[in-house]
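Thank you for making the time this morning. I would like to walk you through one model, going from the helices to the sheets and then to the contacts between the parts.

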Amino acid sequence: MWQPASALHSESPSDSQRRVVEAQGLVKFYGATAALRGCDLTVAAGERVALVGPNGAGKTTLLKLLATLVRPSAGRLWLFGVDAVRYPAVVRRRLGVVAHDTYLYRDLTVAENLALYGRLYGVADLRRRVAESVAWVGLAGQADRRVGALSRGQQQRVALARALLHAPALLLLDEPDAGLDEAGQALLAAVVREAAISVVLATHALERALALADRVVVLAAGRVVHEVATAGLTSEALRAIYRTVTNAAKQGPDEGSRPAGGAALPSPADTPVGQPVSLGSGEK
Amino acid sequence: MSLYFRQLAALVLKDLRLELRRRETVAGVLVFVLLVLVLFQFALDLERAEAARLTPGLLWITLLFAGLLALGRAFAAEYDQGTLDGLRLAPVDRSTIYLSKVIATVLFLSLVELVALPAFAAALDAPLLTPGVLVTVFLGTLGLAAAGTLFAAAAVQARARDVLLPLLVLPLLAPLLIAAVHATADLMAGAAVPWSAPWWELLVGLCVLFLGAAVLLFDALLEE
């Protein structure tokens, strides 16, 4: 796959060795509706970031942009120091994604699904890697069963194995707990906590975000409205922060529509919603 | 084998395996083709001389609509099950995804034609089982799959995709249909196989044009 040599060099304004994700002013419109209205996000190498926010806050859209599944309407995005909007193909090999859709073929077996994706990602020693992955997600006896015959939780485990099969450097998780039982959730937690890779996790569960992430980013109405490190943060403090910043976002001006005449979107900094809310308590 | 061809082979194998298990496309399209043939017999009540004149047109109209049925399925299941996004996330050249669907569609339709051509030949008493006609049918099928796969991907997200696909692709396929019908008619009339004759040149040219344009356009189509 041809790519200009410049694509492989860092174009990011910051140190690409340390920043796995650097997003600046990401805007995404679906028709006339704004799903993201100027999102900034950085993720350092090895860092685990949780995106939280109410329904429609833009969490899934932001993850889809990071996964290079959709292109932003405006803004810049660097992944691993590469301009991911211009050269998405360069970064895809280093991304692992678990989303609401499992991306699995229901009429193929677990092993066939993993082998297919392994071939697409150019995974070496594929047979052994597939067997290891199946065993690792606790489905060793199920490798030859069709995915459609598995429970939702088992399918989600296979989806996790698929996302990690090619040893990605950045794992993007959108509500990955869906259908997982307690053991499955423990498995997921072990992946997020112990794997030496960067993780961006979108979740509604604040306790989960607190338990798994180094930093919680609160989104509301398509913007990042607050960021807080989780070290030393209590569940109650996170809830208080969440309530305060999402309520403040609700009271902000509604700008859900594309501006008439192609006028530029107001900067997040121009509105109260866009300002990171400063809270004295609960943060370290 | 380079990574590109390994990826292409993996995607084609996946489609063949899925077809073997689901038995949706080949079986459905084959029944459709045979039903159309029976209906032609009832509706047209053809004399032998008329049948010889009309066979190329009847054959190609049938294959064209059969192809549209197969193409309608090419991306629909991928889209409905969410696996199309899995392919879009993978580090594969977009042309790999396109070519895998073209190859799978040509293989499925060739299986259908393997039964349909003898059936047409017997029912219409037409000399269709000749090397020249078989090559013509292959070229027509390739052109149909090449153009149709591009538009099947374009239409898959539309609510009325089953209606939209024929509306998009049929006007484009008109030259292909004309060339295939005339080439088949010439062969049935006993023409030798002049591979440089205009109808075959047009068929080959359209295949190359559709494949080339689709490979270039498919990337942009899948990226958003």
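Before I start on the helices, one term is needed: a crossing of two helices is called left-handed if the near helix is turned anticlockwise from the far one by less than a right angle, and right-handed if it is turned clockwise. Please also keep in mind throughout that what you see here is a predicted model.

Let me begin in chain B, with the helix pair α2 and α3, which cover residues 25-44 and 48-74. These two helices pack at an angle of about 155°, and their axes are 10 Å apart. Angles over 145 degrees count as roughly antiparallel, and α2(B) and α3(B) are therefore described as roughly antiparallel to each other. In the sense I have just defined, the crossing of α2(B) and α3(B) is right-handed. If you want to find the contact on the screen, look in α2(B) for residues including Val29(B), Phe32(B), Val36(B) and Phe40(B), which belong to the set that meets α3(B), where Leu58(B), Ala66(B) and Leu69(B) are among the partners. By class, the residues of this contact between α2(B) and α3(B) come to 10 nonpolar, three polar and one charged.

Further along chain B there is another pair, made by α7, residues 131-155, and α8, residues 161-188, whose axes lie 9 Å apart at an angle of about 165°. That angle makes α7(B) roughly antiparallel to α8(B), and the crossing of α7(B) and α8(B) is right-handed. On the α7(B) side the contact includes Gly132(B), Gly140(B), Gly143(B) and Gly148(B), while on the α8(B) side it includes Leu164(B), Leu168(B), Leu172(B) and Leu176(B). The contact of α7(B) with α8(B) is made up of 17 nonpolar, six polar and one charged residues.

Let me now move to chain A and its sheets. In what order do the six strands of the open sheet with mixed pairing run? The order is β6-β7-β8-β3-β9-β10 of chain A, and the edges are formed by β6, residues 95-98, and β10, residues 223-229, each of which pairs on one side only. From one strand to the next, the twist averages 15°. Within this sheet, β3(A), residues 48-52, and β9(A), residues 215-220, pair in the parallel sense over four bridges, and Leu51(A) has Val217(A) in β9(A) as its bridge partner. Two helices of chain A can be placed against this sheet. Helix α5(A), residues 152-164, packs on the sheet and touches β6(A) and β7(A), with a direction that makes about 170° with that of β6(A). Helix α8(A), residues 235-251, also packs on the sheet but touches β3, β9 and β10 of chain A, and its direction makes about 25° with that of β9(A).

Chain A also has an open sheet of four strands, in the order β2-β1-β4-β5, with antiparallel pairing; here β2(A) and β5(A) are the edge strands. Strands β1(A), residues 19-30, and β2(A), residues 33-44, are joined by nine bridges, and in the hairpin that they form, with two residues between the strands, Gly31(A) takes a positive phi near 65°. On the other pairing, β1(A) is joined to β4(A), residues 74-79, by five bridges. Val21(A) is a useful residue to point at, as its bridge partner in β2(A) is Val43(A), and its bridge partner in β4(A) is Leu79(A). Helix α1(A), residues 59-66, lies across β1, β2 and β4 of chain A and runs at about 120° to β1(A).

Finally, the contacts between parts. The domain assignment gives chain A a domain 1, written as 5-94 + 169-270, and a domain 2, 102-167, and 11 residues of domain 1 are in contact with 11 residues of domain 2. Helix α6(A), residues 182-194, gives the most to the domain 1 side, with five residues.

Between the chains, 22 residues of chain B are in contact with 21 residues of chain A. The largest share of the chain B side, nine residues, comes from α1(B), and by class that side has seven nonpolar, five polar and 10 charged residues.

Key. Residues are numbered from 1 along each chain as its sequence is written. Chains are lettered from A and ligands numbered from 1 in the order in which they are written. This is a predicted model: local features need pLDDT of at least 70, side-chain atom pairs count only at pLDDT 80 or more; totals for chains, interfaces and linings use all residues. Axes are lines fitted to C-alpha atoms, for helices over the stretch in contact, and angles run from 0 to 180 degrees between N-to-C directions. Angles under 35 degrees count as roughly parallel, over 145 as roughly antiparallel, 65 to 115 as roughly perpendicular and the rest as oblique. Two residues are in contact if their C-beta atoms, placed from the backbone, lie within 7 Å. Ala, Val, Leu, Ile, Met, Phe, Trp, Tyr, Cys and Pro count as nonpolar, Asp, Glu, Lys and Arg as charged, and the others, Gly among them, as polar. Domain bounds come from an automatic or database domain assignment. Two strands pair if DSSP finds at least two bridges between them.
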